[in-house]
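Q: I would like a close look at one part of this model, followed outward to whatever surrounds it. Please keep the account plain.

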Amino acid sequence: MYVRAVAATGAVPLLLPVCSQVGSYQQMLSTVDGLLLSGGGDPDAYHFGEQAAPQQGLVQPERDRMELYLTRAALKKGLPLLGICRGAQILAIAAGGKLYQDLAAREKVQHQQQAPRSYPIHRVSVSKNSLLYQITGKQSFRVNSLHHQAVRKLGAGMKVCAVADDGIIEAVELPSHRFVLGVQWHPEWLSHKYGHAAAIFAAFSQAAGHEQQGRK
């Protein structure tokens with residue numbers, strides 16, 4: 001679904017394989033004009049200075065190391081970056097933030113939906129002074145939700161741009177960068193039907209296109 005959503009904007013999606021060689025990470029970044037961090041398992045709490053709670057799910061150590069390296073390098077390089085679900089969490093950790101390892105005691109709306117992935121299950125409220133509002137033109141819309149962790153503490157320079165009705169952070173950005181956005185939902189499952197989801201990929205693609213033109 002990620003490939004389809006990106007390709008629908010006219011951009012060329014490149015899949016980066018998980019590997020352990022730092023030299024490969026550097027080569028990967030040199031070949032792309034933007035970085036999309038996808039959803040997946042839980043980041044290890046070790047990376048934000050905590051012990052793993054019993055509720056922490058499947059951890060992929062090589063993927064954690066690779067994505068944190070790529071994220072920090074992309075931020076340093078100024079590449080457009082879009083984080084989705086786990087990707088938003090990786091973005092926060094890379095910037096020095098922390099996560100709720102499990103939302104069970106905090107959530108008052110359904111964050112692990114019992115519905116098809118393409119069905120929006122709850123509302124998010126968007127800050128009008130945010131990149132996400134600039135992209136969607138909406139102060140609220142419904143999203144799908146497939147997570148049990150979320151950003152608890154923002155990373156350096158990071159700003160909240162959307163929350164759920166129970167106060168859980170749903171989207172973050174780094175205003176000091178041209179395009180750095182993390183969303184806790186999965187717009188790739190919604191982009192074929194909902195304009196606010198398609199607009200996120202279109203904006204990311206446009207930012208990456210500017211990056212490509214700047215290289216020429």
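How do the residues of the lining of the largest pocket divide into nonpolar, polar and charged?

A: The model is predicted. In the lining of the largest pocket, 18 residues are nonpolar, 5 are polar and 3 are charged. That makes up a lining of 26 residues, and those nearest the centre of the pocket are L14, L15, L16, L35 and L36. The space inside comes to about 680 Å³. Four elements each supply at least two residues of this lining: helix α1 (2-7), strand β1 (35-37), helix α3 (61-77) and helix α6 (195-215). Of the contributors, α3 gives the most, with 4 residues.

The second largest pocket has a volume of about 210 Å³. Its lining has 16 residues, and G39, G40, C85, L146 and H186 lie nearest the centre. By class, the lining of the second largest pocket has 4 nonpolar, 8 polar and 4 charged residues.

One of the residues nearest that centre, C85, deserves a note on its backbone. C85 sits in the loop between β2 (81-84) and α4. Its phi is near 55°, a positive value in a residue other than glycine. C85 is also buried, because its relative accessible area is 5%.

Helix α4 covers residues 86-94, and A94 belongs to it. With a relative accessible area of 13%, A94 is buried. Its C-alpha atom is separated by 16 Å from that of L29, a residue 65 positions away along the chain.

R86 lies in helix α4 too, and its partner in a salt bridge, D64, lies in helix α3. The closest N and O atoms of D64 and R86 are 2.8 Å apart. The pair links distant parts of the chain, 22 residues apart. Both partners are buried: D64 has a relative accessible area of 0%, and R86 has one of 1%. Helix α3, which holds D64, is also the element that gives the most to the lining of the largest pocket.

R86 comes up again with D42, a residue in the loop between β1 and α3. D42 is buried yet has no salt bridge. The nearest side chain of opposite charge is R86, 6.9 Å away. That distance falls outside the limit of 4 Å between a side-chain nitrogen and a carboxyl oxygen that a salt bridge requires. A polar atom of the D42 side chain does, however, lie 2.6 Å from the backbone nitrogen of G57.

As for the charged pairs in general, side chains of opposite charge can pair when their charged atoms come close. In this model the count comes to 5 salt bridges. One of them is between E50 and R152, with the closest N and O atoms 2.3 Å apart. E50 lies in the loop between β1 and α3 and R152 in strand β6 (residues 150-153), so this pair ties together parts that are 102 residues apart in sequence. E50 counts as partly exposed because its relative accessibility is 25%. R152 is partly exposed as well, with a relative accessible area of 35%.

Another salt bridge joins D165 to R123, and here the closest N and O atoms are 2.8 Å apart. D165 is in the loop between β7 (159-164) and β8 (169-173), while R123 is in strand β4 (residues 122-126), so the pair ties together parts that are 42 residues apart in sequence. Relative accessible areas of 46% for D165 and 41% for R123 make both residues partly exposed. Elsewhere, salt bridges that share partners join R63, D64, E67 and R86 into one network.

There is also enclosed space to account for. The structure holds 1 cavity of 30 Å³ or more, and the volume of the largest cavity is about 30 Å³. Its lining consists of A88, V151, I169, E170, A171, V172, G182 and Q184. Strand β8 gives the most to this lining, with 4 residues. By class, the lining of the cavity has 5 nonpolar, 2 polar and 1 charged residues.

To return to the starting point, the lining of the largest pocket has 18 nonpolar residues, whereas the lining of the second largest pocket has 4.

Definitions and conventions: Residues numbered from 1 in each chain as written. Predicted model: local features only at pLDDT ≥ 70, side-chain atom pairs only at ≥ 80, totals over all residues. Heavy atoms only, no water. 1 Å grid on protein atoms, 1.4 Å probe; cavity = no way out; pocket = protein on both sides within 12 Å on 5 of 7 lines; lining within 4 Å. Points joined across faces, edges and corners; volume = space filled by probe spheres on them. Nonpolar A, V, L, I, M, F, W, Y, C, P; charged D, E, K, R; others polar. Buried < 20%, exposed > 50% of the residue type's maximum accessible area, 1.4 Å probe, protein only. Lys, Arg positive; Asp, Glu negative; His and termini not counted. Polar contact = N/O pair within 3.5 Å; in protein donor to acceptor, adjacent residues only side chain to side chain.
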